[in-house]
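Student: Please take a close look at the aromatic pairs in this model. I would like to know what each one joins and how it sits in the chain.

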Amino acid sequence: MSSGQTKTAEVLPTHTPALFEKAVRLAADRLRSGEVVAVPTETVYGLAANAFNAAAVTAIFRIKGRPAHNPIIVHVASLAMARHCTANWPDTAERMARAFWPGPLTMVLPKTDQIPDSISAGGTTVGIRWPSHPFIQALIRECGFPLAAPSANLSNQLSPTNAAHVQSALGEQLPLIVDGGQSQVGIESTVIDLTRVPAVVLRPGMIHLESLQAVLGEDGISDSSAGSEGILRSPGQLKKHYSPRARLTVLEWRDDANLRAMLTGLGYPVGSCHVIAHSRIPSESDLAGVSVIPHDPEAYARALYSELHRCDAAGVQCIVVEALPEGAEWRGISDRLQRASS
Ligand code: TXA
Ligand code: MG
């Protein structure tokens, strides 16, 4: 931690093997002594603590300002470790793990007593994920215990997809942030509940319903988010979530003139609007700014939060996002835009 007036987190780089190993060692030391550190995952950055240390987990809630009724995901680095956190490992979990782990899928299963009640928010289940980012994998192996980690942002704010995002939101409250580069997936994991038959998608993500059904069968899992409220079974899935500070609106326009007419109709001063487009790119002339992100779900997800963070940092008042295509592969991203705009 640096000395001086304002405390900020030390940011550990990982871009050479020696730096990577040093960061693993330093982060593991902190975690072993019950501290909280921010680490990269392939989805978004996480705020990690020893999942078997109830006091360390409590510190996560305090730092995030997270309500106690919102459970936290436990990150593992092997199937054996995942089984160790669960009271029951059904065949569906085995098949999903073999198909999608390591990767952006969280499975809700019955928890063992070793998982503190704070992680499960007093419930009987635990959400488990084996992330694919090499740093968090190496860190979990070094620690030998699983890591409880929500996204590394203040409660209800936008998830971070790089170390700078974490530094600006939580740097004053953390000893360490590990810089593992830009998150490759870019939105949070798909969360599924395997304690129900058929299983249910609690939070859509980049592993979409059709991929899940390819493994569990069409009748094996359903998408509760269709009505967008089934997800309330996941206590953290409040409608207002994942929000930038600016007002965010999703619109579909034909052309430049049509876009400006819509903005004016909504009472938005054109000059205070930043537009995020993927297909119909407006001219920048009188707008606060224009970002273009690729018309491809993987690339779009990877870029979206960075653009929203950039708008927040620039103090943009109004973000207008071009409506997304229909289709299973866009559903996780649409879900986040919906939450950010509600
Ligand atoms: O990609 C991700 O999932 C990231 C990275 C860091 O792994 N983590 C993340 O954590 O997004 P968080 O806490 O921001 O969101 C986890 C979501 C919350 O909505 C929470 O309510 C839900 O998963 N969840 C966690 N455990 C659960 C459980 N036992 N039952 C139901 N929902 C659960
Ligand atoms: Mg979060």
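Tutor: Here are the aromatic pairs, followed by one helix, two further residues and the chain as a whole.

This is a predicted model: local features need pLDDT of at least 70, side-chain atom pairs count only at pLDDT 80 or more, and totals for chains, interfaces and linings use all residues. Residues are numbered from 1 along each chain as its sequence is written, chains are lettered from A and ligands numbered from 1 in the order in which they are written, and side-chain values use heavy atoms, with hydrogens and water left out.

A search of the whole structure finds three aromatic pairs. Rings of Phe, Tyr and Trp (its six-membered ring) pair if their centres lie within 6.5 Å; planes under 30 degrees apart count as stacked, over 60 as edge-to-face and the rest as tilted. One of the pairs is Phe20 with Phe135. The pair is edge-to-face, with 5.5 Å from centre to centre and 75° between the planes. Phe20 lies in helix H1 (residues 17-32) and Phe135 in helix H5 (residues 134-143), so the pair ties together parts that are 115 residues apart in sequence. Helices (H or I, at least four residues) and strands (E, at least two) are DSSP runs, numbered from the N terminus.

Burial separates the two rings' residues. Buried means under 20% relative accessible area, exposed over 50%, partly exposed in between (1.4 Å probe, protein chains only). Phe20 is partly exposed, at 21% relative accessibility. Phe135 is buried, at 0%.

Next come Trp89 and Trp101. Their ring centres are 6.2 Å apart and their planes stand at 45°, so this pair is tilted. Trp89 sits in the loop between helix H3 (79-85) and helix H4 (91-100). Trp101 sits in the loop between H4 and strand S5 (105-110). The two are twelve residues apart, and the pair links distant parts of the chain. Trp89 is buried at 16% relative accessibility. Trp101 is buried too, at 8%.

Now H4 itself. Ala93, Glu94, Met96, Ala97 and Phe100 are buried there. The buried residues of H4 pack against H3, S5, strand S9 (190-193) and helix H7 (209-216). Contact means heavy atoms within 4.5 Å.

Thr112 lies in the loop between S5 and strand S6 (125-129). Thr112 is buried, at 19% relative accessibility. Leaving aside neighbours within four places in sequence, Thr112 touches His84, Cys85, Thr86 and Ala87.

Leu12 belongs to strand S1 (residues 10-13). Leu12 is buried, at 5% relative accessibility. Beyond its neighbours within four places in sequence, Leu12 is in contact with Ala23, Leu26, Leu176, Ile177, Val178 and Asp179. Met206 is 194 residues from Leu12 along the chain, and their C-alpha atoms are separated by 28 Å.

Finally, the whole chain. The chain has ten helices and 15 strands. Of its 342 residues, 58% count as buried. Residues 24 or more positions apart account for 65% of the contacts with a separation of 6 or more. The C-alpha atoms fill a box of roughly 60 × 60 × 35 Å, taken along the principal axes.
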